[in-house]
Amino acid sequence: VSARANPFCGPSDTTFRFVLLVVAAVAAGAFAWDALWLASNRDRYVSTLVACQNRVGADPRFDPTFGGLQDRDHAVQRCLGHLSREQALWSGLGAVGVIIVAVLVVAALPAWKIRRRRLQPVAEKLPAVVARVGAVAAEEGITHSPDVLWNRRSTGGDALAFGVPGHYRIALGPALVAQQYTDAPAFDAVIRHELAHIANRDVVLTYLANAIWYSWCVVALVPLTIGLAASEPSFLYPVGWRVAVMTALIYLTRNGLLRAREQYADVRASRRDGPDGAMARVLDAAPRRAVDRRPALLRWHPSTTERLAIVRDPTPLLRLGVLDAFAAGLAGGIAIPTASNFVLHLTSGGTAVTTGTAAAVAVVGALLGAVFGAAVWRAGVAVRTSGPGGAVPVLVALALAAGVLVAHPLSLSAAAEVRFLPTTITEFGALAATLVAIVAVYLWAVDVADGFLDVRTPRRPLMATVMGATALALAWAVTLGVTFSDYASGLAQFTGLAGFLGFDADNWRSLSDLLLYRAKTTHLDWVVWAAVAGLPLAAVAWTRRRARPADPPPAWAYLELPAPGTRWRRLGGITVQPALVAGLVGGAAGTVVVLAGRLVYRGLAGDDANELWRRVRVGNALFWIGAGAVLVTAAVVAARSRRLPMAMAMLAGLVTTLVAAAGTVAASAVLGDHLDADYIGDLARPIIGLGLFAALLGASLGVGARAVAHAVRPARAEARAGPVGWIAVAVGAAVLLATVGTAVALAGGTAPVAFDYRDFALSDGFAIVTEVDELKREIQALSPVLVDQVEPLRSSIVPKFRALHDRAAAGLTQTRPVTELRERLAADLTTAADELESYASAVEHGDGPGTKRAVDGFSAALQRIEGAGTELVAHVG
Amino acid sequence: VPGADDSLILDVSRHVVSDLAPGELEVFDATGDAYLEAPAGKDGEEMLGFGVEAVAFVTPFVVMATKAVVSYLSEVVSKALKEESDSVVAGYVKRLFRRFHDDDPEPAPVQLSLAEIKKAREVALTEAKALGMKAERANLLANAIAGELVTQA
């Protein structure tokens with residue numbers, strides 16, 4: 001008989017589900033009271049918001065372009081001030097209220113339970129029973145034996161542990177007490193089970209979980225229902241169904257926790273006499289009529305069949321299931337926007353408005369990351385002790401991402417906007433990038449755990465490293481996701497784009513903006529990438545110094561001592577060379593593609609300044625093609641690596657990116673570009689930033705492909721490809737990508753005219769037209785004495801018109817229609833300045849007809865400028 | 001139970017328990033008297049309990065069934081005493097005049113008929129089943145209590 005896997009090798013499922021429950025309940029409580037506040041203050045909020053937006057919009061100190069969006073948003077938040085803080089207060093009250101009420105219930109519960117069930121000390125009548133419980137407690141290492149209570153009038157035979165740390169109690173049914181005299185081993189097994197709850201430290205967690213459920217109903221559900229019933233029906237449905245989903249999540253997570261704790265207690269209780277001992281006998285003898293016919297998710301206890309199976313083989317407890325991952329994604333997806341909104345409202349008007357929200361999101365991400373870190377650690381132990389099984393990591397990762405995706409429309413802001421899904425390709429891209437990052441972080445965490453498990457001891461530091469690394473990585477991923485989402489929703493305010501699937505030039509431009517924004521605003525990519533590739537490999541290096549494959553497995557991984565000769569299962573050796581070779585090949589291919597792109601850029605796009613968009617598009621396409629090379633390399637490496645596929649793929653992607661970045665810089669030098677630090681930085685940062693994401697996506701796809709291949713044809717999936725095969729695949733894919741990418745970049749499509757209008761209008765056009773309006777008013781305010789007009793015209797107004805001309809002439813436009821508009825505007829501004837100069841001269845020389853001609857010419861120029869303004873407004877809105 | 005003797009119920013129950021589940025005797029001494037009142041039941045389904053109950057515990061069933069049987073027997077005796085009260089009173093008065101009737105036998109104690117013993121068994125069986133005992137064990141319990149009615153000390 002092989003030794004059983006030890007489910008106590010890390011934090012248990014009970015803890016996992018408890019954290020999820022708390023996260024979900026706190027977020028849902030905040031959501032409910034936020035909605036309650038909105039339901040009763042909607043009109044006041046909307047009118048104040050509109051007033052604030054108008055006030056900020058009319059304030060000339062704020063940049064009206066997209067670049068000034070964040071400043072304007074903060075200004076609106078400051079303007080909302082006390083209203084936002086009031087909303088935050090309600091939201092916080094809901095979150096804290098759910099927990100505080102639950103804690104109070106748990107504190108009062110022992111006394112209430114004793115009173116309601118009329119429990120008395122067993123010692124008064126049967127001191128021998130108490131002595132036996134004390135002896136079993138001592139055997140289980142529990143120093144303070146719990147009080148043993150019963151209700152003599154009860155006919156029951158159940159047992160129940162309750163109380164608080166330092167003062168636990170066990171209530172026994174008289175039938176169970178009788179069992180001590182009729183079947184002592186069975187009595188001991190049940191007592192061990194109850195003591196196991198104490199040893200597992202799940203008693204308070206369980207009662208808290210139960211209390212949280214009731215607290216949620218009383219503190220959040222009831223007030224919200226009353227509030228919604230009194231509010232507009234239009235608010236009832238969007239908030240109502242979201243609250244229903246949250247209620248289901250809390251209820252089902254609570255049930256999951258209750259089931260998990262029983263299984264862990266069964267296993268701990270079975271440690272003394274093994275998988276076929278008294279505990280198994282008690283479960284096996286359980287009356288079959290007691291079978292719970294409710295669906296598994298609704299049950300409080302697992303079936304005795306399931307309990308018996310877990311006692312005999314606890315391995316399933318170590319593996320993370322798809323449902324748990326989905327629930328975690330859902331809880332996180334609900335909590336993150338809630339935490340972000342709460343901090344945003346709370347810090348409204350303060351300087352912490354930006355960092356506060358990011359910190360809140362990072363904290364929630366890190367908390368969930370730590371929980372997932374523990375889960376992958378445990379799953380790794382299961383693979384080592386019992387072999388592969390359960391849901392494959394990529395499926396679990398997808399379930400996690402699916403939870404986040406499903407949670408996306410659950411936020412209150414989504415309820416207010418009645419928007420379920422992204423409406424622009426940039427928002428879609430932001431969401432997709434977030435999901436990819438989450439999937440990749442999970443798969444990477446699996447590798448980290450795999451690497452550190454090879455080291456074997458000491459257990460706690462190794463496990464803490466895995467949990468800490470996963471926490472940091474998930475915090476990074478979700479913070480990045482929120483940043484992306486904020487950017488994309490901000491951009492959506494400026495442009496309504498066509499569907500996702502069309503290859504409209506404006507859509508391409510929108511995604512390029514997202515990437516450029518990413519490249520410009522992050523300095524962490526190197527650190528993240530180095531950690532992502534380095535951490536699992538560091539574990540490998542550590543292992544090679546400390547442990548040999550022939551070493552015995554660590555005792556902490558088993559409930560019983562493993563038989564002599566038991567091997568610590570490894571899934572194959574780790575070799576870094578193929579990843580390095582693939583990276584070099586991928587990087588070289590990427591360089592060739594970029595070089596070819598530059599030649600295409602020169603040869604085909606031409607130098608027509610009116611069609612600059614085509615050159616911009618080719619330039620952007622080069623980044624995409626480079627990213628494609630990284631993606632393909634990472635995917636191939638991940639798919640072909642038996643061990644640490646994510647780490648190997650990230651290493652290959654890093655090498656690809658470094659080689660491609662260096663090659664691109666070298667190619668630029670060869671093609672005559674002037675290289676300086678800024679130029680190299682501008683070139684390299686987007687490549688690295690985009691490459692990181694491409695590698696994460698490619699590696700995830702590769703792991704997924706491997707899982708599918710393994711499911712379809714296991715033998716073939718395990719076959720190793722030689723280096724030649726790797727190179728052939730990488731080069732072939734890079735060439736294909738290059739061809740497709742360049743063709744897409746150059747072929748057909750419409751010019752991004754709408755974007756061009758928008759950019760020019762927001763950067764220069766509107767400002768010029770507004771300034772001309774101001775100048776017009778200045779002219780109208782000049783002295784009616786003609787000679788007195790000459791000096792201010794020459795000293796102030798004419799130079800201002802000329803400065804406006806210079807600004808228009810220097811404006812960046814990419815398409816022919818906008819360029820022509822810009823050129824017309826510049827010409828008219830010059831004409832206006834010239835006519836004013838002529839007017840001044842004519843006045844000085846007393847030339848009446850000349851004065852009239854100049855006025856007519858100036859008026860015509862002014863009309864044309866106003867026409868240009870109207871055209872801009874018509875295109876931008 | 002009017003006239004019922006708690007100690008009689010407990011004495012009979014202890015005999016029955018010693019036959020059916022001798023291991024429970026110690027628990028019987030600690031809990032038996034508690035079941036003279038209506039038992040508190042099983043406290044409902046315990047969400048956070050062990051989840052699997054001990055299968056055999058006869059003490060509360062024995063006490064409650066014995067209590068029902070004693071109650072029934074009290075009724076039988078009361079009825080018999082009422083029917084025979086006239087002749088019994090005359091007999092006792094007659095016996096007061098000893099010199100005339102010194103050799104008359106004492107009035108016979110109330111004797112249970114076979115039908116009444118069967119009825120007492122039926123009462124025990126019904127009570128045990130009503131309390132939730134399985135039919136097989138309830139039969140054993142009813143037999144044991146009925147046995148107490150026919151067994152000589």
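A residue is called buried here when its relative accessible area is under 20%, and exposed when that value is over 50%, with partly exposed in between. Keep that in mind as we walk through this predicted model, because the word "buried" for A:Arg307 and A:Asp266 rests on that under-20% cut-off.

Let's begin with that pair. A:Arg307 and A:Asp266 form a salt bridge, and their closest N and O atoms are 2.7 Å apart. A:Arg307 sits in helix H9 (residues 304-312) of chain A and A:Asp266 in helix H7 (residues 233-269) of chain A, so this contact ties together parts that are 41 residues apart in sequence. Both A:Arg307 and A:Asp266 are buried.

Helix H9 of chain A has another link to offer. The side chain of A:Arg312 meets that of A:Asp276 in a salt bridge, at 3.3 Å from N to O. A:Arg312 belongs to helix H9 of chain A, while A:Asp276 lies in the loop between H7 and helix H8 (278-284) of chain A, and the two are 36 residues apart. The surroundings of this pair are another story: A:Arg312 counts as partly exposed because its relative accessibility is 40%, and A:Asp276 counts as exposed because its value is 62%.

Further along chain A, A:Arg384 forms a salt bridge with A:Asp454, with 2.7 Å between the closest N and O atoms. Here A:Arg384 is in helix H12 (residues 353-386) of chain A, and A:Asp454 is in the loop between helix H15 (425-453) and helix H16 (459-492) of chain A, which puts the partners 70 residues apart. Are A:Arg384 and A:Asp454 buried or exposed? A:Arg384 is buried, with a relative accessible area of 2%, and A:Asp454 is buried at 2% as well. Salt bridges can also share partners: A:Glu139, A:Glu140, A:Arg192 and A:Arg272 are joined into one network that way. Over all chains, a search of the whole structure finds 32 salt bridges.

Now for the strands. Chain A has an open sheet of four strands, in the order S1-S2-S4-S3, and the pairing is mixed. Strand S1 (120-121) and S3 of chain A are the edge strands, each pairing on one side only. Strands of a sheet pair through backbone hydrogen bonds, either parallel or antiparallel.

What does mixed pairing look like in this sheet? Strand S2 (residues 147-150) of chain A runs parallel to S4(A), and four bridges join them. On this side, A:Asp147 stands opposite A:Arg169 in S4(A). Strand S3 (residues 159-164) of chain A, by contrast, pairs with S4(A) in the antiparallel sense, over six bridges, and A:Leu160 stands opposite A:Ala171 in S4(A). S3(A) and S4(A) also make a hairpin with two residues between them, and A:Gly166 in the turn has a positive phi of about 95°. As for strand S4 (residues 167-172) of chain A, five of its six residues are buried, so S4(A) is largely enclosed by the rest of the structure.

Next comes the nonpolar interior. The largest nonpolar core has 221 residues, and those with the most contacts inside it are A:Leu172, A:Trp216, A:Trp377, A:Tyr442 and A:Met650. Helix H1 (residues 13-58) of chain A gives the most to this core, with 20 residues. Apart from this core lies another, of 32 residues, including A:Phe760, A:Ala761, A:Leu821 and A:Ala861. To see what one of the well-connected residues touches, pick A:Met650. Leaving out residues up to four places away in sequence, A:Met650 touches A:Trp529, A:Val532, A:Ala533, A:Leu692, A:Ala695, A:Leu696 and A:Ala699.

That leaves chain B. How many residues of chain B are in contact with chain A? There are 29, and they touch 46 residues of chain A. Together the two chains bury about 3300 Å², 60% of it on carbon and sulfur atoms. In chain B, the residues that lose the most area to chain A are B:Met47, B:Leu48 and B:Phe50, together 27% of what that side buries. Charged contact is there too, with a count of one salt bridge between the chains: B:Asp33 with A:Arg152, whose closest N and O atoms are 2.8 Å apart. The interface also has 10 residue pairs in polar contact (both at pLDDT 80 or more). Helix H2 (residues 25-31) of chain B supplies the largest share of the side that touches chain A, four residues.

Conventions. Residues are numbered from 1 along each chain as its sequence is written. Chains are lettered from A and ligands numbered from 1 in the order in which they are written. Side-chain values use heavy atoms; hydrogens and water are left out. Buried means under 20% relative accessible area, exposed over 50%, partly exposed in between (1.4 Å probe, protein chains only). Two strands pair if DSSP finds at least two bridges between them. A nonpolar core is a set of buried Ala, Val, Leu, Ile, Met, Phe, Trp, Tyr and Cys residues joined through side-chain atoms within 4.5 Å. Contact means heavy atoms within 4.5 Å. Buried area is the accessible area (1.4 Å probe) that two parts lose on being put together, summed over both. A salt bridge is a side-chain nitrogen of Lys or Arg within 4 Å of a carboxyl oxygen of Asp or Glu. A polar contact is a pair of N or O atoms within 3.5 Å; within protein, one must be able to donate a hydrogen and the other to accept it, and residues adjacent in sequence count only if both atoms are side-chain atoms.
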